[in-house]
Amino acid sequence: MYYQRILASKDKESIRNEIQTTEPKPEYEKFIKDPYVMEFLQIQPDTHVYEEDLEQALIDHLQKFLLELGRGFSFVARQKRFTLDGQDFFIDLVFYNYILKCFVLIDLKMGKLTHQDLGQMQMYV
């Protein structure tokens with residue numbers, strides 16, 4: 001409602017000051033990593049790489065898995081932690097499907113699926 005309040009107010013400076021105290025600016029360092037380490041792209045160190053090639057390599061890796069999932073998926077998190085009854089649990093991969101307007105949780109299992117695995121996924125849902 002900040003936008004509407006500042007438009008309606010005659011004392012715009014006090015509204016600006018109030019929003020700075022009630023809604024501090026986000027700490028961008030927590031959202032954006034620096035530096036990026038991209039060894040998974042298998043680009044040799046100290047070689048000249050064009051920006052276009054780097055972008056393509058990044059997209060190739062991401063695109064393959066997202067296309068495997070189907071239409072409308074976007075990546076949200078990996079090893080997403082949530083707490084239930086004081087105990088921490090971790091969901092392997094979290095995606096959002098903007099067509100279905102829902103989250104999709106993926107719990108990776110290497111062995112045979114057990115009833116405990118199914119119960120764990122039901123708890124996540």
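This is a short tour of the sheet in a predicted model, strand by strand, followed by the helices packed on it.

**The sheet.** Select β1, β2 and β3. These 3 strands form an open sheet in the order β1-β2-β3, with antiparallel pairing. Now look at the edges. β1 (73-84) and β3 (102-106) each have a single partner strand, so one side of each is left without a neighbour in the sheet. Tilt the view to see the twist: neighbouring strands are turned by 35 degrees against each other on average, direction ignored.

**β1 to β2.** Keep β1 and β2 in view. Their antiparallel pairing runs over 10 bridges. Pick F82 and find its bridge partner, F89 in β2. Then go to the hairpin, where 2 residues lie between the strands. Select D85 there: its phi is positive, near 50 degrees.

**β2 to β3.** Move on to residues 87-97, which are strand β2. How many bridges join β2 to β3? There are 5, and the two strands run antiparallel. Select N97 next; opposite it stands C102 in β3. The hairpin of β2 and β3 has 4 residues between the strands. Click K101 in this turn to find a positive phi of about 55 degrees.

**The helices.** Show α3, residues 51-69. Helix α3 packs on the sheet and touches β1, β2 and β3. Its direction makes about 85 degrees with that of β2. Last, add α4, residues 115-124. Helix α4 lies across β1, β2 and β3, and runs at about 75 degrees to β2.

Notes. Residues are numbered from 1 along each chain as its sequence is written. This is a predicted model: local features need pLDDT of at least 70, side-chain atom pairs count only at pLDDT 80 or more; totals for chains, interfaces and linings use all residues. Side-chain values use heavy atoms; hydrogens and water are left out. Two strands pair if DSSP finds at least two bridges between them. Axes are lines fitted to C-alpha atoms, for helices over the stretch in contact, and angles run from 0 to 180 degrees between N-to-C directions. Contact means heavy atoms within 4.5 Å.
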